[in-house]
Amino acid sequence: ESILAQKRSTLVFATSASASKVINAYHLFLQQVYDEVGYDVEVMRLPVIRSYIHADIEKVDGILISTQNLVKEYPNVLTVPTPLRQVHLSAFSIDKKIRIDGPESLQQYKIGIIRGYILSRQITEGMDRQIVNSYESLASLLKIKRVDIILALKLEMERFIAGRPEFNEIKTIEPPISSLTMHHFLNKKHEALVPVVSRIIERL
């Protein structure tokens with residue numbers, strides 16, 4: 001029986017509980033993708049690491065959007081090869097004098113990061129850092145001067161700040177520290193879907 005001929009059912013994809021509303025756009029896009037192969041799509045918001053674990057042990061069908069860094073640690077999660085987008089990891093600060101030139105230049109500062117973001121954790125390993133659970137907590141650390149800079153996905157953080165006047169003094173430091181290619185991921189029980197979904201994403 002072909003994938004197309006199967007009875008229509010729902011696939012549940014995990015995403016970060018701290019992700020911004022931009023996630024809704026990817027939900028709608030992937031619903032369009034999976035509509036072509038006869039599936040509905042639902043999103044379950046979970047803490048970042050738990051979302052990876054759920055995808056690995058088949059509690060969900062995959063991960064809505066993330067980076068390939070996670071694949072090394074979760075062998076049952078397969079990458080859909082066609083990327084969804086490229087994102088930038090940037091530093092943010094209130095102090096306009098701060099200049100960042102690559103990860104090494106972060107060492108002199110107190111840094112805030114969000115729990116579960118693997119690249120932020122790797123880049124700041126051994127540095128003076130505080131780890132929090134949300135963009136709200138991250139921005140607050142900076143506002144009350146508990147840290148000098150925070151690291152976050154550029155567009156996500158800028159969207160968050162744009163909707164919160166109390167954080168409008170927080171500015172992006174250019175250039176970004178790192179750029180990442182974002183992919184959609186499926187549990188290996190859906191291995192047959194990977195090339196099909198990849199081709200549809202490429203076409204759309």
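**View 1. Lys 145 and its backbone in the loop between α4 and β8****.** At 68% relative accessibility, Lys 145 of this predicted model is exposed. The value lies over the 50% limit for that class. Lys 145 is not a glycine, yet its phi is positive, at about 65 degrees. Most residues other than glycine have a negative phi.

**View 2. Glu 58, a second non-glycine residue with positive phi****.** Glu 58 belongs to the loop between α2 and β3. Its phi is near 70 degrees. Glu 58 is partly exposed, with a relative accessibility of 42%.

**View 3. The salt bridge between Lys 189 and Asp 61****.** The closest N and O atoms of Lys 189 and Asp 61 are 3.6 Å apart. Lys 189 sits in the loop that joins β9 (171-187) to α6 (193-203), and Asp 61 in the loop that joins α2 (48-56) to β3 (62-67), so the bridge ties together parts that are 128 residues apart in sequence. The two partners fall into separate accessibility classes: Lys 189 is partly exposed, at 44% relative accessible area, whereas Asp 61 is buried, at 10%. A search of the whole structure gives seven salt bridges, and Lys 189 with Asp 61 forms one of them.

**View 4. The salt bridge between Glu 169 and Lys 143****.** Here the closest N and O atoms are 3.3 Å apart. Glu 169 is in the loop between α5 (154-162) and β9, and Lys 143 is in helix α4 (residues 135-143), so this pair ties together parts that are 26 residues apart in sequence. Glu 169 is partly exposed, at 35% relative accessibility. Lys 143 is also partly exposed, at 36%.

**View 5. Lys 154 and Glu 174, paired in a salt bridge****.** The side chains of Glu 174 and Lys 154 meet with an N to O distance of 3.5 Å. Glu 174 is in strand β9 and Lys 154 in helix α5, so the pair ties together parts that are 20 residues apart in sequence. Glu 174 is partly exposed, at 46% relative accessibility, while Lys 154 is buried, at 16%. The pair belongs to a network of salt bridges that links Lys 154, Glu 158 and Glu 174. Side chains of opposite charge can pair when their charged atoms come close.

**View 6. The cis peptide bond from Glu 174 to Pro 175****.** The omega angle of this bond is near -5 degrees. Most peptide bonds are trans. Pro 175 lies in strand β9, the strand that also holds Glu 174. Glu 174 therefore appears in two views: its side chain takes part in the salt bridge with Lys 154, and its peptide bond to Pro 175 is cis.

**View 7. The buried residues of helix α5 and their surroundings****.** In α5, the buried residues are Lys 154, Glu 156, Met 157, Phe 160 and Ile 161. They pack against α1 (22-35), β5 (85-93), α4, β8 (149-153) and β9. Lys 154 is thus both a buried residue of α5 and a member of the salt-bridge network with Glu 158 and Glu 174.

**View 8. Packing of α4 against α5****.** The axes of the two helices are 11 Å apart and form an angle of about 75 degrees. This angle makes α4 roughly perpendicular to α5, because values from 65 to 115 degrees fall in that class. On the α4 side, the contact is made by Tyr 135, Glu 136, Leu 138 and Ala 139, and on the α5 side by Glu 156, Met 157 and Phe 160. By class, the contact has five nonpolar and two charged residues, and no polar ones. Glu 156, Met 157 and Phe 160 are among the buried residues of α5.

**View 9. Arg 8 and its contacts****.** Arg 8 is in the segment before β1 (9-16). Arg 8 is partly exposed, with a relative accessible area of 38%. Apart from its neighbours within four places in sequence, Arg 8 contacts Gln 31, Asp 35, Gly 38, Tyr 39 and Asp 40. The C-alpha atoms of Arg 8 and Val 37 are 8.6 Å apart in space, with their positions 29 residues apart in sequence given as the separation.

Key. Residues are numbered from 1 along each chain as its sequence is written. This is a predicted model: local features need pLDDT of at least 70, side-chain atom pairs count only at pLDDT 80 or more; totals for chains, interfaces and linings use all residues. Side-chain values use heavy atoms; hydrogens and water are left out. A salt bridge is a side-chain nitrogen of Lys or Arg within 4 Å of a carboxyl oxygen of Asp or Glu. Helices (H or I, at least four residues) and strands (E, at least two) are DSSP runs, numbered from the N terminus. Buried means under 20% relative accessible area, exposed over 50%, partly exposed in between (1.4 Å probe, protein chains only). Contact means heavy atoms within 4.5 Å. Axes are lines fitted to C-alpha atoms, for helices over the stretch in contact, and angles run from 0 to 180 degrees between N-to-C directions. Angles under 35 degrees count as roughly parallel, over 145 as roughly antiparallel, 65 to 115 as roughly perpendicular and the rest as oblique. Ala, Val, Leu, Ile, Met, Phe, Trp, Tyr, Cys and Pro count as nonpolar, Asp, Glu, Lys and Arg as charged, and the others, Gly among them, as polar.
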